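Please open the model in a viewer and keep the selection panel at hand. The tour proceeds from one selection to the next.

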Amino acid sequence: MPSRNGTRIGVVGGTGAVGTVTLGLLREHGFENVRVFASARSAGKQVGGHTVEEATPDALSRGDVDIFLFSVGTGASRELVPHAVRGGATVVDKSSAYRLEPGIPLVVPEVNGGRAMENDGIIANPNCCTIPLTCVLKPLHEEAGLVRVRVATYQSVSGAGAQSMEQLRNEAPDDHDLRMDWDFDGEEFDEESKLRAETRKIMELPDLPIQATCVRVPVMIGHAEAVWLETEQPLSPERARELLAAAPSVRVEEFPSPGKAAGIDDVLVGRIRRDPTVDQGLALFLASDNLRKGAALNAIQIAELLLSGARAPAA
Ligand SMILES: NC(=O)c1ccc[n+]([C@@H]2O[C@H](COP(=O)([O-])OP(=O)(O)OC[C@H]3O[C@@H](n4cnc5c(N)ncnc54)[C@H](OP(=O)(O)O)[C@@H]3O)[C@@H](O)[C@H]2O)c1
């Protein structure tokens, strides 16, 4: 892989909620050789100083991009990612198309970054609630061993893309309500099953009991999660706070909220207390920027791992 400045980056979905944040972060991280792709609808438009190109199979497979960062949705990723890989690029894909495919690494750099190098051209970026959850669970699991995890999410509308943000902007405050706008299989939403399956894959704990209830709240940016966890070994709230304060990309904050997390890189975690309903349980609350650490930033960190070839933790 060439160095950061020489690296040719293609942002596919660069006009969307995640894509526009990706462009800003690439600039902040010193990537200068960036091209932007989207659908035919946006071809020719200007975004962040770039002229949008249409993401056709031909354009993606030409071999003139080193790393593609995809944020286009599952259907479009399934269709387009193979063309980018055929052209010799490495793809970091933010949709759910490849996350659970055996042999495709699903990576949170702070948790299992070492897996990023084990790719055949595609690395999957996890769901925007899974990423902060695993950043917080990892140090607690290493210390005390996770036995069970329960989660309730409070997810912002930007998690559903630019159109949902526009919809919230145009809605009268009196009409605000919770939404559950995911695919429902008759028992749970796919968002809930993704959180379970992805957390198990990233942490390499295939049998970890984990149950989630996901809802979307009328907040523009920032996902929050209430987490109840049980551990094999005793773990006091004080020790958990110490471990989390030392964990990479995690910041202890007494009362985390989406508003405090929006626009920053760290996952905020607080309300760390004993769960008196079980023998060895903790309750905590986290918030993170779903467009940054939950999507764009995590993908750029994966690209940086690839470029450095550095050794990072396996789960
Ligand atoms: N929002 C989040 O917090 C978040 C977090 C993690 C992962 N993700 C994932 O990231 C992806 C994008 O999410 P988003 O929130 O950014 O959605 P969005 O705001 O709706 O943006 C979608 C982007 O995809 C482009 N696109 C759609 N169909 C395309 C096609 N056939 N060919 C080329 N480009 C196409 C759109 O281009 P046009 O402008 O041309 O329509 C737009 O740039 C989804 O897979 C989502 O699950 C999102």
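Begin by selecting the shell around the ligand, which by class comprises 11 nonpolar, 14 polar and 2 charged residues. Please bear in mind throughout that this is a predicted model.

**The ligand and its contacts**

Within this shell of 27 residues, highlight T15, A17, S39, S42 and A162, which come nearest to the ligand. Then display the polar contacts one at a time. At T15, an N or O atom of the side chain lies 2.5 Å from an oxygen atom of the ligand. Move next to R41, where a polar side-chain atom is 2.9 Å from a ligand oxygen atom. At A162 the partner belongs to the backbone: a polar atom there is 2.8 Å from an oxygen atom of the ligand.

How much of the ligand does the protein bury? Taken alone, the ligand exposes 900 Å², and 79% of that is buried by the protein.

Now colour the model by secondary structure. Helices α1 (17-28), α3 (74-86) and α10 (292-308) are the elements that each give two or more residues to the shell around the ligand.

**The largest pocket**

Hide the ligand and turn to the space that it takes, which is the largest pocket. This pocket holds about 1200 Å³ of space. Select its lining of 47 residues, and label S71, V72, G73, A160 and G161, the closest to the pocket centre.

Which elements give two or more residues to this lining? They are α1, α3, α6 (162-169), α7 (190-203) and α10. Colouring the lining by class shows 16 nonpolar, 20 polar and 11 charged residues.

**Two backbone stops**

Leave the pocket and switch to a backbone display. Select S249, in the loop between α8 (237-246) and β12 (250-252). Its phi is near 65°, a positive value in a residue other than glycine.

Finally, go to strand β13 (residues 267-274) and select R271 within it. Although R271 is not a glycine, its phi is positive, at about 50°.

To close, restore the ligand and return to the full view, with the ligand again occupying the largest pocket.

How values were computed. Residues numbered from 1 in each chain as written. Predicted model: local features only at pLDDT ≥ 70, side-chain atom pairs only at ≥ 80, totals over all residues. Heavy atoms only, no water. Near = heavy atom within 4 Å. Polar contact = N/O pair within 3.5 Å; in protein donor to acceptor, adjacent residues only side chain to side chain. Areas by Shrake-Rupley, 256 points an atom, 1.4 Å probe, with all protein chains shown as cover. 1 Å grid on protein atoms, 1.4 Å probe; cavity = no way out; pocket = protein on both sides within 12 Å on 5 of 7 lines; lining within 4 Å. Sits in = over half its atoms within 2 Å of the grid points. Helix = DSSP H or I, 4+ residues; strand = E, 2+ residues; numbered from the N terminus. Nonpolar A, V, L, I, M, F, W, Y, C, P; charged D, E, K, R; others polar. Points joined across faces, edges and corners; volume = space filled by probe spheres on them.
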